[in-house]
Amino acid sequence: MISLADLQARIEQGALSPEAAIGQSLEAIDAQEKTIGAFVRHDAKARAQDAGPLRGIAVGIKDIIDTAGFPTEMGAAIYRGHQPRADAPVVMALKQAGATIVGKTTTTAFAANDPTATLNPHNHAHTPGGSSSGSAAAVAAGMIPLALGTQTGGSVIRPASFCGVAAIKPSYRLLPTVGVKCFSWTLDTVGLFGAGVRDVALGLAAMTRRPELVVPSEVAAPRIGVVTQAFAGAPELSGAEALQKAARAAERAGATVRELAMPEVIAEAWRIHPVVQEFEAHQSFAWEYGQNYDAMPPLLRGRLDESKGGTPAEYDAAMDVTLRARQALAAIFGEVDVLLTLSAPGAAPNGLASTGDPRYNRLWTLMGVPCVNVPTLIAEGGLPVGVTVIAGFGSDAKALAAASFVEDALTK
Ligand SMILES: NC(=O)CC(=O)O
């Protein structure tokens, strides 16, 4: 994979020109894209900028995020050829930091669950996950050092786990979702994919102009609470093994590690995530579902058919649980620095029909807390499995530092 940190250092030292760095990515895309299918389209003539901390960094943008230089088609026939007039603010933030947008990465239709044709670079018989399928696959395949995705359930963390890359779903609204096709305004969060945790941190720090997000060279051993999320069901063996491996490695490296049970209101928040998501989706997709029913992607159309009876009273009750759960979770971060939990039930499912199950991700998306995927082990079939490091709302620097601590501990 291409490390953003490594490119940045070599460019700053003058050992690599921004143009040559972009050229490396374009060559890698040319060599692998026909097999992996990570991009909807890309610009083979993309040029580097010569200023900014992300100069020479080729970035892929999930194709539900507006771009002025490429169509934005939402992974859906309804939007084929749709050309936004303007870049979304997160795209402009990357460009203002010197990055080069080299293409639009594949997305499940409307970031829901109708899968793409993108292959998992580690095993082409398996899904890369979704809904940010192309972003995870393009980074994992070594085509680009940075990509943007979005998460409503588990669409950043789960594909990152399946593809063996680092990723962050930042605190809710750290990054604006203006210009991002809305699925659920309470849940939708823009995230980043990179080769390693430090790479993701550098990308997020540059686009937010928050240098405090950069992982320091020395990271203090964190207090870690391991959360199994038993309320979400039992994981597969590889998922359970990844969680135990990461916890043991962190403990050997000096972290204090203990298992934490979540209060019932947090388990209740896990249960009502779909109520919030589907109630808001019916409003977000009202035009598509109401005016273009037959052209809707079939799995999303089926979900909307099933959930159209949702009432405002049910939604209001779910939001009340959400607010109480967020308060309870905030109190837990008084006892530990971060939580450590599953990124996915196990390795990527076989075939492309399913992008996997967000059951271990969705609670944290609803809580709005920063989540970082740390690649942890390689399961049968050469398929990666990750774990998630979670900090309190607004503590994105702490989440990234602790995730880097776990990542480093796993190398020892
Ligand atoms: N958008 C999403 O997060 C949906 C998913 O988890 O697959």
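This is a short talk on the confidence, the helix packing, the core and a few single residues of one predicted model.

Let me start with confidence. The protein chain has an average pLDDT of 98, and 100% of the residues score at least 70. For the complex, the predictor reports a pTM of 0.99 and an ipTM of 0.95.

Next, helix packing. Two packed helices are described by the angle between their axes and the distance between the axes. I have two pairs to show.

The first pair is helix α7, residues 237-252, with helix α13, residues 396-409. Their axes are 8 Å apart, and the angle is about 95 degrees. Angles of 65 to 115 degrees count as roughly perpendicular, so α7 is roughly perpendicular to α13. On the α7 side the contact is made by Ala 246, Ala 249 and Ala 250; on the α13 side, by Phe 405, Val 406 and Ala 409. By class, that contact has six nonpolar residues, no polar ones and no charged ones.

The second pair is helix α1, residues 4-12, with helix α6, residues 197-208. Here the axes are 7 Å apart, at an angle of about 65 degrees. Helix α1 brings Leu 4, Ala 5 and Gln 8 to the contact, while α6 brings Asp 199, Leu 202 and Gly 203. The residues of this contact divide into three nonpolar, two polar and one charged.

Now the core. In soluble globular proteins, nonpolar side chains tend to be buried together. In this model the largest nonpolar core has 121 residues. Which residues have the most contacts inside it? They are Leu 94, Phe 110, Leu 339, Trp 364 and Leu 400.

Take Trp 364 from that list. Leaving aside neighbours within four places in sequence, Trp 364 is in contact with Lys 169, Val 227, Gln 229, Met 262, Leu 329, Leu 339, Thr 341, Val 369, Cys 371 and Ile 390. One of these, Leu 339, is also on the list of core residues with the most contacts. Apart from the largest core lies another, of 25 residues, including Ile 29, Ala 141, Ala 147 and Cys 163.

Phe 110 deserves a second look. Phe 110 sits in the loop between β3 and α4. Its relative accessible area is 1%, so Phe 110 is buried. The backbone there has a phi near 55 degrees, which is a positive value in a residue other than glycine.

Met 296 touches Phe 110, and so I take it next. Met 296 is in the loop between α9, residues 286-291, and α10, residues 298-307. Is Met 296 buried or exposed? With a relative accessible area of 3%, Met 296 is buried. Beyond four places in sequence, the contacts of Met 296 are Ile 78, Phe 110, Glu 288, Tyr 289, Arg 301 and Leu 304. Met 296 and Ala 109 are 187 residues apart in sequence, yet 8.8 Å apart in space, C-alpha to C-alpha.

Back to the loop between β3 and α4, which also holds Ser 131. The peptide bond from Gly 130 to Ser 131 is cis, with omega near 10 degrees.

Ser 135 lies in helix α4, residues 133-140. Ser 135 has a relative accessible area of 0%; that is under 20%, so this residue counts as buried. Not counting residues up to four places away, Ser 135 touches Gly 60, Lys 62, Thr 105, Thr 106, Ala 147, Leu 148, Gly 149 and Phe 193. Among these, Ala 147 is part of the core of 25 residues. Ser 135 and Tyr 315 are 180 residues apart in sequence and 32 Å apart in space, C-alpha to C-alpha.

Two arginines to finish. Arg 362 is in helix α12, residues 362-367, and is buried, at 14% relative accessibility. Outside four places in sequence, Arg 362 contacts Gly 153, Trp 270, Arg 271, His 273 and Pro 274. From Arg 362 to Thr 152 there are 210 residues in sequence and 7.3 Å in space, C-alpha to C-alpha.

Arg 173 is in the loop between β5, residues 166-169, and β6, residues 189-194. At 38% relative accessibility, Arg 173 counts as partly exposed. Arg 173 also has a positive phi, about 70 degrees, although it is not a glycine.

Note on methods: Residues are numbered from 1 along each chain as its sequence is written. This is a predicted model: local features need pLDDT of at least 70, side-chain atom pairs count only at pLDDT 80 or more; totals for chains, interfaces and linings use all residues. Side-chain values use heavy atoms; hydrogens and water are left out. pLDDT is the predictor's confidence in each residue, from 0 to 100. Axes are lines fitted to C-alpha atoms, for helices over the stretch in contact, and angles run from 0 to 180 degrees between N-to-C directions. Helices (H or I, at least four residues) and strands (E, at least two) are DSSP runs, numbered from the N terminus. Angles under 35 degrees count as roughly parallel, over 145 as roughly antiparallel, 65 to 115 as roughly perpendicular and the rest as oblique. Contact means heavy atoms within 4.5 Å. Ala, Val, Leu, Ile, Met, Phe, Trp, Tyr, Cys and Pro count as nonpolar, Asp, Glu, Lys and Arg as charged, and the others, Gly among them, as polar. A nonpolar core is a set of buried Ala, Val, Leu, Ile, Met, Phe, Trp, Tyr and Cys residues joined through side-chain atoms within 4.5 Å. Buried means under 20% relative accessible area, exposed over 50%, partly exposed in between (1.4 Å probe, protein chains only).
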